[in-house]
Amino acid sequence: MKQHANNKGIRLKNWSTGEVLYDTLHSTSNVKALNCRSTICTANHMNTIKEVKPIRTGDAVLDDAKKFIDEFYASIEKFESAEHLNRWSEIKTQIEESDGYIMKTEELKYGATVAWRNAPRCPGRIQWKKLQVFDSRHVGTAQGMFEAMCTHLQYATNGGILRSAITVFPPRQKGRFDFRVWNSTMIGYACYKQPDGTLLGDPFNLELTQAAQKLGWAGKGTRQDILPLIVQAGDGEAHFFDIPEDLVLQVPLRHPKYEKFTDLGYKWFALPGVSCLKLDCGGLEFSAIPFSGWYSDSEIGSRDLGDKHRFNLAPVMAGIMGLNTETNESNWRDLAVSELVVAVAHSFREAKITIVDHQTACETFIEHFKSEHEERGGCPTDWVWVNPPGSFTTPVYHQEVLFYWIKPLYDYQDQPWKTYNFGKHFRGTLEKREIDYLKRFRHMARAALFAQRMFMKAYANRTKAMILYATETGKSLGFAKQLAHVFSKAFKPEVMCMKDYDVAKMEFQDLILVVASTFGSGDPPDNGEKFYKSLKKRFVEQGNTPNIASDKPARLAARIQAREGERNMRGPLVKLPSQRFEDPAQIVKSSDWLINVRFSCFALGSTVYKDYCAFGKALDALLGSLGAERIHRLECGDEMSGQEKTFKKWANDTFQAACEAFHIKLPTKAVVTIGTESVQEPVQSNMKLVSADASEGPHFTEYFSKSLGREVLPLKVTYNEVIAGSREAGPCTVQIRLSWQDLCLNNPVSFEPGDHLGILSENADEMVSKVIQKLNPIPSLEQTHRLMIQKEMLTIAGPRKEWVCYENLPPATVFDWFKKFLDITTPPTQSLLYDLATYATDPKEKEGLDMLSQDVGRYEQWKHSKWPTVLSFLEEFSSLSIPAEALIIKLPLMKPRFYSISSCLLSSPTCVDLTVGAVKFITEDGSSRNGLCSMYLNQATIGTTVNAFFRSEPRFHLPENPTVPIIMVGPGTGIAPFRSFWMHRAELMKVGQHLGAAIFYGGYRTQEMNLYREEKLQYQNIGAIELPTTYCREAVQGCAPDRVLVNYPTNEVVFCYDQGLVQMVISDNAFRMYESLYLQNGHIYICGDFQLVRYVRRILRLIFEEYGNLNEYEVKLALQDLEDSGRFHDRCRFHHHDDDPCLVDDIFGRIVGS
């Protein structure tokens, strides 16, 4: 101790023994613990609840991370080693990129244990090195949190021989809600307020009990009901889970002398688990860290049972003892509480459950206190907390201490239920909580069996199946949920969006199942891009060639998978050409990083695109090359033909393959239910509409924001004018302006030229009314409803059926559901036809529906010839007698439609323009159809609210270097994104920015379709764009109509079959294109049909060949370089009859007679 005596530490004396220690550790504290001033001391304040603080960023994270990592490497005697310095460099880079970093498991374990060591209010810290740390940062769902906490309870309880443990969930992070456990303690007793105002249960948990009841929990109403665990994952939605009885070890309380106390029937749970704290470690804040240790007898006897604001058993015990409670002179309360402590200690020891008496606890704390001063010069201590009741007889009572906080530390947080919006959060109904609980708990729905030890052991040993999805429209999510239902028969499935998954944890997974859509020209969806880049980075880190992986998954898939073949399911040696094809024979070896992982992928896409299912193929190729073993080959589901059938076969085959791979035997074969996201397809008797108060329904914009995971804005239409055609005469093109000028925004609007605006369209009122009139019975159109479905749940008490709210729809009127949420314009799927066939009263119609639902060829012919809407389908099969709830639950939700932004934020900071072609077409059977979203926007009047969100399209942005030339090709409404280009360029010119050339090649069917003609000339005059000679179909001579590409309303010659016209444009503009793209490293942007892109490539091939004097191989290299260097930008979309959900830029190819 002398080593600290001369360090000017603070002197601490034990007034019982006279021993003196000096605290120097306090000098390392930079955490404000108290609000003491020169005239007052607040050391006795509890300070157990704090306000929510913003997530740390930048320097705040960096400073704490530096101190922590230095301390960590010093603890393992590697301070300033190469490993230490490299790790710090890695952390700095991550923080600079994302304001956070991924803590290694060993760092987390060190931080969690040291935080216990630093906890000034814990007297049991002498065991800090024995803390078991469960790293659950990979958990991304409430279900996963509950399972992790069950594992924690089982480990820590240990049959009564308690073990200290902590489970750490993901840290706070921008862009998602904090992970939280609402319970103050993992196990606790509920409290019910009685009609007369009295309380039944533990008053400490009154507010939590009321919060649980708001979520839909209903206790038994007894004196000591175990509260459910209430958790929040990154989606911010609270879920409650009843704790299986086998995990809650309770001790019947009995007194060795007073049998009347035993007759009271009180009990107490064995494991004290604090779950409301956060771990502040290394600059990161882990907001969900359930921690457990063991009890001191006085903690239960004096505080939990004896305090007036708790169970208040002191008067009861005093009565049993025959004490006079009328006067304090009898010391009845002290005597009664001491006997309560005796009862607790006796009961725990009789049950052979770990507990420590308060005298021993204080003696061991003094030992720890001394050793800490010896080892590190101090021991932060809150005297009020470490002294037990009646502490005047313990050694701690006479010990001077110093109260301060040092990091890592366990800190207090706000009580989450006080800021949780029960009324509007997500769908805002109690039933929503219940249905989500049941749905996510489906494989845990065997709760009755789970409560039995044999099943619990079997379930705990189940193989975990991680199901990862990426989607733009929700289709992949629906398939992922169905897949989870199938795998729940033998595995522990967890469904997670790729954006929420930590790739670093992938090597610890047993089974990974991927369901991924492809967006645009081989790009990943927004919520899959981060995952893909992380996986690609890992591919490079494993020693593979870094330049093979361009930003296009299509390229990566082609270069890995095409050469991987079927020779080896584990990913053999793969030949991959370099980015510029200089070394085609380059060999890349497969990695063993995922050697213990098995996987299978299902890719969604459409064969009309050049890069069909590219993202799914890329992921399959990467996983194989990283060493993972395919248990079943990649399957691609074509949106145009039999996607659901393909998925069903893949899901069943993959399940069987997984069972074989993991040696799981099943008595029956699992079957996938296609066409519904519900675990069990509800029959009519299991669903109903119930009346709801209109105030229960959320604001639709808020609902869309939550369901889409984006900030949806209620934009106002301020301008809507026809710029080509006529609304009355037929198809027309409109310029529509949407404004947010009058909105109070949480974040400023930000977008760049080339980005998309996602529109949440609405069905036409007339069609909605007609569909509702076809229902039987016809529901009320004015009444707000909730859609309820009945599900069977297995509980400890046995099976029971409960009505729960259908999670896909908020409370609303039936009319609003059909108008704003349900897709009634897309042709019904085969699974929908199969489900609705049971409602046909005409045997012939039922037979026809059964045939369409089972014969893919007949169904495809029916769909493409009639392009049926839900209304025309109901009219065709008029004998269908469908209840409203049955049709509502089976219809898919509407998908957002994406439109290229046609304006510039610099010139129009409060509004956005769209160029929209109204889709009208005639089907093969002569029926008239309208595009959903284009007609919705076309008919929107001034002042109409349009719900919309911005979607960044970085692969269609202007070059970072504004001086390089750009070429824009956009016939028809393909002009839309390029209008934003030249408007942006004009604004840059105003501030003196030097710009490269910008050449626009348009094209139009008639002079009237020369969109923005006057505007283009104005921008040409100021030098923002160049407009070379373009061709109109009316002006082209010598070109027969059938020689012009019918699917494109343009006569720009590069888009025509006629070779003579091709030569004409080459002679006019070819050298300029060659010079811009080949010699000056310019960029080319194409917005139009996939066939357009094909013809542009053909023309570029001719140009490079003629003006570059290149041979066939060199031309191929030049074109490949154009794409690999990110200078070939194509917005290539296929146009469905109902408006392409990705883009509406050309409407005429789908019109009969165009």
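# Reading a predicted model, feature by feature

Modeller: A search of the whole structure turns up 55 aromatic pairs. Keep in mind as we go that this is a predicted model.

Biologist: Okay, how do I read an aromatic pair in the first place?

Modeller: You describe two aromatic rings by how far apart their centres are and by the angle between their planes. Here, ring pairs also join up into a cluster made of Tyr189, Tyr266, Trp268, Phe269, Tyr295, Phe311 and Phe348.

Biologist: Rings can have charges over them too, right? Which residue lies over the face of Trp803?

Modeller: That's Lys688, at 4.1 Å from the ring centre. There's also Arg737, whose charged end sits over the ring of Tyr719, 5.0 Å from its centre.

Biologist: Let's move to strands. What's the general idea with pairing?

Modeller: Strands in a sheet pair up through backbone hydrogen bonds, and they do it either parallel or antiparallel.

Biologist: Do β3 and β4 run parallel or antiparallel?

Modeller: Parallel: four bridges join β3, residues 132-135, to β4, residues 165-168. To find your place on screen, go to Val133, whose bridge partner in β4 is Ile166.

Biologist: And which helix goes with these two strands to make a β-α-β unit?

Modeller: Helix α5, residues 142-157, and the unit it makes with β3 and β4 is right-handed.

Biologist: Now an antiparallel case, please. What is the strand order in the open sheet of three strands?

Modeller: The order is β5-β8-β9, with antiparallel pairing. Strands β5 (180-181) and β9 (238-241) each have a single partner strand, so each is left with one side that has no neighbour in the sheet.

Biologist: How many bridges join β8 to β9?

Modeller: Four, with β8 covering residues 229-232. Look for Ile230, which stands opposite Phe240 in β9. While you're looking at strands, remember that in a regular one the side chains alternate between the two faces of the sheet.

Biologist: What about odd spots in the backbone? Which peptide bonds are cis?

Modeller: One is the bond from Lys407 to Pro408, with omega near 0°. Pro408 is in the loop between α12 (383-386) and β18 (409-411). Another runs from Asn776 to Pro777, again with omega near 0°. You'll find Pro777 in the loop between α22 (765-773) and β31 (784-795).

Biologist: And Glu80, is its phi positive or negative?

Modeller: Positive, near 60°, in a residue other than glycine. Glu80 belongs to the loop between α2 (58-75) and α3 (82-98).

Biologist: Last topic: how do I find empty space inside?

Modeller: Rolling a probe the size of a water molecule over the atoms shows where empty space remains. In this model, the count is ten cavities of 30 Å³ or more. The second largest cavity has a volume of about 80 Å³.

Biologist: Which residues line the second largest cavity?

Modeller: Among them are Phe519, Asp523, Pro524, Arg951, Ser952 and Arg955. By type, the lining divides into three nonpolar, one polar and six charged residues.

Definitions and conventions: Residues are numbered from 1 along each chain as its sequence is written. This is a predicted model: local features need pLDDT of at least 70, side-chain atom pairs count only at pLDDT 80 or more; totals for chains, interfaces and linings use all residues. Side-chain values use heavy atoms; hydrogens and water are left out. On a 1 Å grid over the protein atoms alone, a cavity is a set of points where a 1.4 Å probe fits but cannot get out, and a pocket is an open set with protein on both sides within 12 Å along at least five of seven lines; lining residues have an atom within 4 Å of a point. Grid points are joined across faces, edges and corners, and a volume is the space filled by probe spheres set on the points. Ala, Val, Leu, Ile, Met, Phe, Trp, Tyr, Cys and Pro count as nonpolar, Asp, Glu, Lys and Arg as charged, and the others, Gly among them, as polar. Two strands pair if DSSP finds at least two bridges between them. A crossover is right-handed if, with the strands pointing away from the viewer, the path from the first strand over the helix to the second runs clockwise. Rings of Phe, Tyr and Trp (its six-membered ring) pair if their centres lie within 6.5 Å; planes under 30 degrees apart count as stacked, over 60 as edge-to-face and the rest as tilted. A charge sits over a ring if NZ of Lys or CZ of Arg is within 6 Å of the ring centre and within 35 degrees of the ring normal.
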